Amino acid sequence: MDAVLIMIVAFAGYIIAYRLYGEFVGKKIFQLTNQNKTPAVEFTDGVDYVPTKRGIIFGHHFTSIAGTGPIVGPAIGVIWGWLPALIWVLVGSIVMGAVQDFSVLVMSLRNQGKSISEVAAGYISKRIRVAFFLIVFIELWLFLAILGMIIAVIFHMYPEAVFPVWMEIPIAIILGWAIYKRNAHVNRATVLAVVAMYITVVLGHVIPLDMPTIGGMPATGVWTLILFVYCFIASTLPVTTLLQPRDYINAWELFIAMGLVVIAVIAASFNGLKIVAPAVQAAPEGAPSLWPFLFITIACGAISGFHSVVASGTTAKQVAKEEDAQFIGYGSMLMEGALAVIVIIATAAGIGLAARGETGAVTGLAKWTQHYASWSAAAGLGAKVGAFVEGSANMISYLGIPKYLGLIIMGVFVASFAGTSMDTTTRLQRYVIQELLGANRVGAAEKKSFFTNKYGATILALLTAGILAFSTGANGKGAMALWPLFGANNQTLAALALFTASVYLKQRGGQKYLVTLLPGIFMLVLTFWALIENEMSYIAGTKVLLGIINLAIILIVIFVAFESLKKLFSKEDMQAAQA
């Protein structure tokens, strides 16, 4: 099928879905109203709780939830063929992912900006509080520990991206100062900031930076340490100083890059662009089965439990009006779905296209097969990111932009997504630790300890991630040992978040809860299936640590799901909640 047709149909579908299903969920199911005061307004403190224009908070939320997920997941998911990947991204994002993100955001807005763990404990049962927190903590712990290595690998692949990515920080600080301290016009300040960022992209070609080994520590380890220091600063500064403006201008930079690829798909279609990947490849060499692992591999872009942590973490504390939740929660997930569609086109079509003026290059199905000949060939981070970046740069070259510059633009694109997720994840883990230790409870002010203030909680978040990252040596790759747990744990969290939303809606009467319960059951079945298959694999491979932690996750899932369903179908509880 023509790549342009796929893109047009997908994007049109997202616009229609936002106008019809998004508004149905927002207005009819959750009954959004600006008469409800948001936590950002009620608890304004200038640090974490800050009422923010919806365009700016959309940028923060979108770049935070995206990370490298909507790139890496679909880039490897096409190994089962482009068709199942595309169907899952389209259907999953509209009726599952966007519904989850939006539901959790609204529940948090109506519960003082509390995390999904606290919200679940409030609506389902106090007994699940620690178990739910444990699932979220494992999620953020693994993610934070591995992001430093991911960014380091991307920097090594694209050293021209290092300078522009780090220059985003001073540009963001100046932008935040101009908007919040000098009342600068937001649109004009945004244009200047984005132009400055793209100038740094061009300069990046002139001054590529490749981190050497320092004191016997490999580049991946050095970058991980540097990024941890940055994350400590970003997590403890007022959100308007660095994190929010950086995410905002990053979003604009990314929108422009996405727009560039979209136009490039059209231009390249007149120069031989066509889908070269097979529509369906049910049994690739060495790959796990499509069911259920396609739905675990492609998380961001379809549905991801991590989004529920962001929605009920940093985002809920910055939304100024409740009715903005549809645009921010539902809309940003559809935008991420659109990005995943672009990735599928780049890795199923662009990868098989020779760049403009390029001669002698391997093209077509033969080129695609080089990346996707087997699971092991496609599974490395470099292979995943490389397939997307190269495919996009090939298509962009038909706009007259040299391939080397296209590679830099897309390299910055990927590294920036990873960077914004890393600083947000640190702040989220800080919130989780503070909530778990009771910092937000009534009367907690008198009981504050070092680990319940923002500095101590951030140190604890980074210390635990650092121990994991460096557990196998100075290269900072220790998280790889436990990374196989992340996918199923992440999607399990998505299922449990949807169950929580179902209990919330059931307490409000009627059949509205089916909007969240049906996708919740679908995700629970698939993730539980994946957890069981993983457990059998770990036992067969005598991977003791993975087996023990995976078993603990299975038990937590059974416990939380049982408590959720018991609450959901308890007439007494529902009647008491509705009274």
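## A guided tour of an all-helix chain

Start by selecting Y538: this residue is buried, with a relative accessible area of 5%. You will find Y538 in helix α21. Keep in mind as you go that this is a predicted model. With Y538 still highlighted, add D101 to the selection. The two are 437 residues apart in sequence, and their C-alpha atoms are 32 Å apart in space.

**Zoom out to the whole chain**

Now show everything as a cartoon. The chain has 23 helices and zero strands. Its radius of gyration is 23 Å, close to the 25 Å that the globule rule gives for 579 residues, so the chain is as compact as a globular protein of that length. If you draw a box along the principal axes, the C-alpha atoms fill roughly 70 × 55 × 50 Å. Colour by accessibility and you will see that buried residues make up 60% of the 579 residues.

**Stay with α21 and step off its end**

Go back to α21, which covers residues 514-540, and move on to T542. This residue lies in the loop between α21 and α22, the latter being residues 544-568. Is T542 buried or exposed? T542 is exposed, with a relative accessible area of 64%; the cut-off for that class is over 50%. Check the backbone here too: phi of T542 is near 50°, a positive value in a residue other than glycine.

A second residue of this kind is worth a click. Select Q31, in the loop between α1 (3-29) and α2 (39-42). Phi of Q31 is also positive, near 50°, and Q31 is not a glycine.

**The long look: α18**

Select residues 403-436, which form helix α18. At 1.5 Å a residue, its 34 residues should span 50 Å, and the end C-alpha atoms are 49 Å apart, which agrees. How many of the 34 residues of α18 are buried? The count is 29, so the helix is largely enclosed by the rest of the structure. Past the end of α18 comes G438, with a positive phi near 85°.

Next, bring in a packing partner. Two packed helices are described by the angle between their axes and the distance between the axes. Show α11, residues 243-269, alongside α18: the two pack at an angle of about 150°, with their axes 10 Å apart. Angles over 145 degrees count as roughly antiparallel, and α11 and α18 are therefore roughly antiparallel to each other. Turn the view so that one helix lies over the other, and you can see that α11 passes α18 in a left-handed crossing.

While α18 is on screen, select V389 as well. V389 sits in helix α17, residues 381-396, and V389 is buried, with a relative accessible area of 0%. Add I409 and draw a distance: the C-alpha atoms of V389 and I409 are 9.0 Å apart, with their positions 20 residues apart along the chain.

**A second helix pair: α5 and α14**

Select α5 (residues 82-109) together with α14 (residues 325-348). Their axes come within 8 Å and cross at roughly 160°. That makes α5 roughly antiparallel to α14. What is the handedness of the crossing of α5 and α14? The crossing is right-handed. Colour the contact by residue class, and you get 21 nonpolar, five polar and one charged residues.

**A covered short helix: α4**

Now pick residues 69-77, helix α4. Eight of its nine residues are buried, so to speak a mostly covered helix. The buried ones are P70, I71, V72, G73, P74, A75, I76 and G77.

**Last stop: the way into α12**

Select A287, found in the loop between α11 and α12. Unlike the buried stops above, A287 is partly exposed, with a relative accessible area of 21%, and the cut-off for buried is under 20%. Add I128 for scale: A287 and I128 are 159 residues apart in sequence and 35 Å apart in space, C-alpha to C-alpha.

Then move along to the peptide bond from W291 to P292. Which form does the bond from W291 to P292 take? The bond is cis, with omega near 5°. P292 itself is found in helix α12, residues 290-297.

Key:
Residues numbered from 1 in each chain as written. Predicted model: local features only at pLDDT ≥ 70, side-chain atom pairs only at ≥ 80, totals over all residues. Heavy atoms only, no water. Axes fitted to C-alpha atoms, helices over the stretch in contact; angles between N-to-C directions. Helix = DSSP H or I, 4+ residues; strand = E, 2+ residues; numbered from the N terminus. Parallel < 35°, antiparallel > 145°, perpendicular 65-115°, else oblique. Left-handed = near helix turned anticlockwise from the far one by under 90°. Nonpolar A, V, L, I, M, F, W, Y, C, P; charged D, E, K, R; others polar. Expected span 1.5 Å × (residues − 1). Buried < 20%, exposed > 50% of the residue type's maximum accessible area, 1.4 Å probe, protein only. Rg over C-alpha atoms; globule rule 2.2 N^0.38 Å.
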